[in-house]
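Here are a few exercises to work through with the model open beside you. Try each task before you read its solution.

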Amino acid sequence: MSAIDLHSHSNASDGALTPGELVERACARGLKFLALTDHDTLSGIPAAKEAAAGKLVLIPGIELSTTWEDHQIHVAGLFIDPECPELKELISAQRQRRIERAEQIGRRLESLGFKDARARTRQMAGEGAVITRGNYARFIFAEGKARSVDDAFNSYLKRGRKAYVITRWIDIAMAVEIIHRAGGAAVLAHPRRYLLSNGKLRALIKYFKDSGGDALEVASSQQRPCDRAYLADLCLRYGLLASAGSDFHNPGGWRDLGLNLDLPAKVHPVWELAVAQGYGFA
Ligand code: AMP
Ligand code: MN
Ligand code: MN
Ligand code: MN
């Protein structure tokens, strides 16, 4: 178990727990530092901060959706100032894109026989939540139309399936620029989950680095040791810092807060950048 987890979700996007419940679980699991990184929204941060007061350090974060060469790539911003005007502006544009996409996905599911898919998926999420394919996957599973949430995702929502909608998100360089304007560190999230060949992944990382990116998410909860070692090597090769985050969404899965997040000794942790901001990492 680790005391630092820099990637998690609440029901402000596609997590199952409220921000308060998330913080409670983090405390119970012995975390001292937790970043809340909901998809394209900061709306869970105030409640998470309130719940964390005096118990753990809540790091404001966000997971931004970007597009690189036809691939959906997630760039996390950590240690950000939630009041940054440019960041707020970007979030409202992303939210609009998310709303349109959720409507399109909902219509496709409705044409496949899922009654009121969008409205009912919204009901299952937090109030005003940003809706992702993760929310729809949970809805499909709850309808009994898939063996698991994973199966729902793979059968309906992933690229090439009937309810998949192509979305053009912002460029990686723009995500990095806005994260920097907000005083944060830009992290390429879960680099091994994009199903890219090693050569393609290196091209992505080079583009991310050339765009001013700061760190790779080297350690995730659910990961093969060889992948973690490979990502640590890539940090050194491209001069990037390393982050560690579970990407926790809901209890009962393979990923959990603080689980299996140790960074290899040879990398420089991204929180080195944050020490100067008074986050008090040792
Ligand atoms: P989106 O950003 O709307 O494209 O949705 C991406 C989200 O879908 C991720 O953050 C996960 O929460 C969820 N997701 C991705 N892959 C899977 C999977 N294989 N099974 C279940 N949920 C998934
Ligand atoms: Mn998600
Ligand atoms: Mn992600
Ligand atoms: Mn995530």
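**Exercise 1. Size up the largest pocket and find what lies nearest its centre.**

Keep in mind that this is a predicted model. Start with the space itself: the largest pocket holds about 1700 Å³. Next, look at the walls, where 45 residues make up the lining. Asp150, Phe153, Arg193, Asp247 and Arg255 are the ones nearest the centre.

Now sort the lining by class: you get 18 polar, 17 charged and 10 nonpolar residues. Finally, trace the lining back to its elements. Those that each give at least two residues include strand 3 (57-68), strand 4 and helix 3 (85-111). Helix 5 (133-142), helix 6 (149-157) and helix 9 (225-238) are also among them.

**Exercise 2. Do the same for the second largest pocket.**

Its volume is about 190 Å³. Among the lining residues you'll find Arg95, Arg98, Ile99 and Ala102, along with Arg118, Arg122 and Glu127. Two elements, helix 3 and helix 4 (117-124), supply two or more residues each. Which helix gives the most to this lining? That's helix 3, with 4 residues. By class, the lining of the second largest pocket splits into 5 nonpolar, 5 charged and 2 polar residues.

**Exercise 3. Work out what holds the manganese ion (ligand 2), and why its arrangement is called irregular.**

First, list the protein donors: Asp14 gives two OD entries, while His39 and His249 each give NE2. They sit 2.2 to 2.8 Å from the ion. Then check the angles: the 6 donor atoms around the manganese ion (ligand 2) subtend 51 to 159°, so the arrangement is irregular.

Along the chain, the donors of this ion follow the pattern D-x24-H-x209-H. Aspartate 14 is in the loop between strand 1 (4-5) and helix 1 (19-28), and histidine 39 is in the loop between strand 2 (33-36) and helix 2 (45-52), so the pair ties together parts 25 residues apart in sequence. Buried or exposed, these two? Both aspartate 14 and histidine 39 are buried.

**Exercise 4. Now take the manganese ion (ligand 3) and place it relative to the other ion.**

Its donors are Glu63 (OE), His74 (ND1) and His190 (NE2), at 2.0 to 2.2 Å. Their spacing in sequence reads E-x10-H-x115-H. Histidine 74 belongs to strand 4 (residues 71-78) and histidine 190 to the loop between strand 5 (185-188) and helix 8 (198-210), so this pair links parts 116 residues apart in sequence. Histidine 74 and histidine 190 are both buried. Last step: the manganese ion (ligand 3) lies 5.5 Å from the manganese ion (ligand 2).

Definitions and conventions
Residues numbered from 1 in each chain as written. Chains lettered and ligands numbered in written order. Predicted model: local features only at pLDDT ≥ 70, side-chain atom pairs only at ≥ 80, totals over all residues. Heavy atoms only, no water. Donors = N, O, S within 2.8 Å, 3.2 Å for Na, K, Ca; no water. Tetrahedral: all angles 85-135°; square planar, octahedral: opposite > 155°, others 65-115°. Buried < 20%, exposed > 50% of the residue type's maximum accessible area, 1.4 Å probe, protein only. 1 Å grid on protein atoms, 1.4 Å probe; cavity = no way out; pocket = protein on both sides within 12 Å on 5 of 7 lines; lining within 4 Å. Points joined across faces, edges and corners; volume = space filled by probe spheres on them. Nonpolar A, V, L, I, M, F, W, Y, C, P; charged D, E, K, R; others polar.
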